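The following exercises concern the strands of one protein model. Please examine the sequence and the structure before reading the solutions.

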Amino acid sequence: MALNDFFAGEIAAELVKMLISISRKSLLCRASADQLIAYMNELLPTIEEIKYSGVEVPAQRQSQLDRLSELLRSGVLLSHKVLSSSRWNVYRNLHLARKMEKLEKSVSKFLMGPMQAHILADVHHVRFEMAERFDRLDNSCSRLEHYFRNMKIGVGGGGWVEEAVRTVDLHAAHGASAVGLAFAKCKVRELVVGREDLWVVGISGIGGSGKTTLATEVCKDDQVRCYFRERILFLTVSQSPNVEHLRTKIWGYIMGNERLDENYVVPQRMPQFECRSETRTLIVLDDVWTLSVMEQLVCRIPGCKFLVVSRFKFQTVLSYEVELLSEEDALSLFCHHAFGHKSIPLSADENLVKQVVTECRRLPLALKVIGASLRDQTEMFWMSVKNRLSQGQSIGESHQNNLIERMAISINYLPEMIKECFLDLCSFPEDKKIPLDVLINMWVEIHDIPETEAYAIVVELSNKNLLTLMKEARAGGMYSSCFEISVTQHDVLRDLALNLSNRASTNERRRLVMPKRENGIPREWLRFKHRPLEAQIVSIHTGEMKEEDWCNLEFPKAEVLIINFTSTEYFLPPFIDRMPNLRALIIINYSATYACLHNVSVFKNLSNLRSLWLEKVFTPELSGIAMKSLGKLFIVLCKMNNSLEGKEADLAQAFPNLFELTLDHCDDLTQLPSSICGMKSLQNLSLTNCHNLTQLPVELGKLRSLEILRLYACPDLKTLPPSMCDMVRLKYIDISQCVNLTCFPEEIGRLVSLEKIDMRECCMIRNVPKSALSLQSLRLVICDEEVSGIWKEVEKAKPKVHIQVSEQYFDLDWLKE
């Protein structure tokens, strides 16, 4: 009921907090915000009084309170938009200011009306119910159970992961990660903006000292953004970079062509005369390890400045050296992660807290990780951690090892399953985004846990600052695709996981991770070519590999194989044949061009393979390879070459148990083969960013088990097959950015299970079939404002249906990968 939402959610109190922020930030909305604050301050004491007394409220009074609740809730949503709006977007800010004025008049009219007094006087009955509700909300265990219960349940519910991402966003908004960086940001800004004589400047400092955070804060600075007119490119170089790929990105950005042809040859000297534009541009190169790599990436071009972030101070670059935090800032950062406040609470042992902070040696990363690990722990636990930290050495030349050893203490206190999952993260390359589904699939297979538990572990690691959850702007709800939420990890934390994983001998390691190599395999692996290796996860990172480059290794216990490579030709390792228990196979090409895979016949022997991920390759003829156990198939940024078609291609026979199929950014995919309609077990079909897809199979409706259908960003798709109305289990359909789609099937009302429709940026759809009134399960429609009116009749006939008007968002982040 709206009444319960009104008090339990404390909408009015939340609105006041946001209005205060608006009053400080927005000049255009300040007058309206101040007036609304005055109204709310008059109303809040009465609301607080009502919380603790009451008799039953009549139905008429209830409806009037519901109106007030909805009015204030709309104020909260509007306040979110005002606070998130860029100060430079003048048109949008004027539009929002008008809405704020309208809200002010509505609240004034309601509160000053004759109904206010007796509405507030008769809301006495809530005391006993709400006391019990508040107790449950205050209980952290009950809160976690609530999240767990809502994981992937209900329309629009994001569950654990969504909440964790919101928490990360909130911390960023409050500047939690930027504690003590104000002076440093000012100094770097002077180098970037104030020194026109410099075209390369730097940020240097030890691992975990906050270099990347400082660089990010500089990029967010209003003065810097204004100076470069928002033209800022942030690239992560890492310890093993693909220099040519990075050079192409930099050159394309400077020249104003961010999608250069993959065969474009960047000039070695990047001559000035080729760049005609004097537009200022800032290129940030994060995590640069060597002077030679830096010299290959920077170029002196009018209007272009480079900011180089590195653990090393290069003699040829004027750099700001990041200092360790002051004692005051170190304490503030630690307390934020340990207690949720910037200072030591009265209930904590002040001396003990300060001793732990001292042992963290004022390193931001250590303060975050160790602080988060101690949150909600007993005093005895704190004492134990402090004693173990005090046994370490002071930070000197071996600061990296000391930092790793100190943070290892936090890892050792984790529950065993969570610790193992953290260590698994070292299997992925440094400084790369890990799609959430890749991680979840791996944990489900190797730890034999359900997806819900794997999601909970992701959140737990995020809460402890051991990984970072990143959400794309359009992500939302339980039906988010695997590309909308991803995981990243600080390179020091990856080093920590790798260090802990490598403490066993090579043949006994649970995770066997190969450092990036140009060719061949490590000598330490070759020593065991005549006896089996015990690894459960095998991670390979090489350049081009030919058949003769491999040797006969045996991995009888391997369940996950991750192959990362950089080349245009790649011979798959023959020892895949000797992985009888392989369940998940991930193959990713990091070169600028598509790669041709050889020796794909090894797929025929993977009888237990359940998940296959292919990225940036020419898709092999999978339709001719029967994979009876395969449940999930992801084909990303690949050239299809009609690999799913052909006279003898029968996808239903090749993948009889496939329940999830994803084709993303496959630009040569024009149509799906009709044999896909025979996949009786398929539950999730995602065709996203396939810009040349023109039609779907006429018999698509035969997929009677399908629950999720994503057709996001398929601009050449003009119609949906009428047969899809036979999908009686379909719960969600995403047709957003299908800009040439003109209509829904006439019999859409037969989709009795349909709960959610996402049709953002579908400007050509101008009406909804009358049968839509029969959509008995529909709860949410997301669309643009100009087409929202076509759903008014459905919304009026079905009060439970919510029409959510979205804001347009154009995201090109995938181009930066």
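**Exercise 1: the surroundings of strand S4**

Both faces of S4 are covered, with Cys304, Phe306, Val308 and Ser310 buried on one side and Lys305, Leu307 and Val309 buried on the other. The model is predicted: local features need pLDDT of at least 70, side-chain atom pairs count only at pLDDT 80 or more, and totals for chains, interfaces and linings use all residues. Residues are numbered from 1 along each chain as its sequence is written, and side-chain values use heavy atoms, with hydrogens and water left out.

Task: explain why S4 is largely enclosed by the rest of the structure.

Solution.
1. Buried means under 20% relative accessible area, exposed over 50%, and partly exposed in between (1.4 Å probe, protein chains only).
2. Strands (E, at least two residues) and helices (H or I, at least four) are DSSP runs, numbered from the N terminus.
3. Seven of the seven residues of S4 (residues 304–310) are buried, so the strand is largely enclosed by the rest of the structure.

**Exercise 2: the partners of S4**

Task: determine in which sense S1 and S4 pair, and which residue stands opposite Ser310 in S3.

Solution.
1. Two strands pair if DSSP finds at least two bridges between them.
2. S1 (residues 200–204) and S4 are parallel, over five bridges; Ser204 has Ser310 as its bridge partner.
3. S3 (residues 281–288) runs parallel to S4, joined by six bridges, and Val288 stands opposite Ser310.

**Exercise 3: a second sheet**

Task: state the strand order of the open sheet of three strands.

Solution.
1. The order is S6-S8-S7, with antiparallel pairing.
2. S6 (434–435) and S7 (468–471) are the edge strands, each pairing on one side only.
3. Four bridges join S7 to S8 (residues 485–488); Thr468 has Thr488 as its bridge partner in S8.
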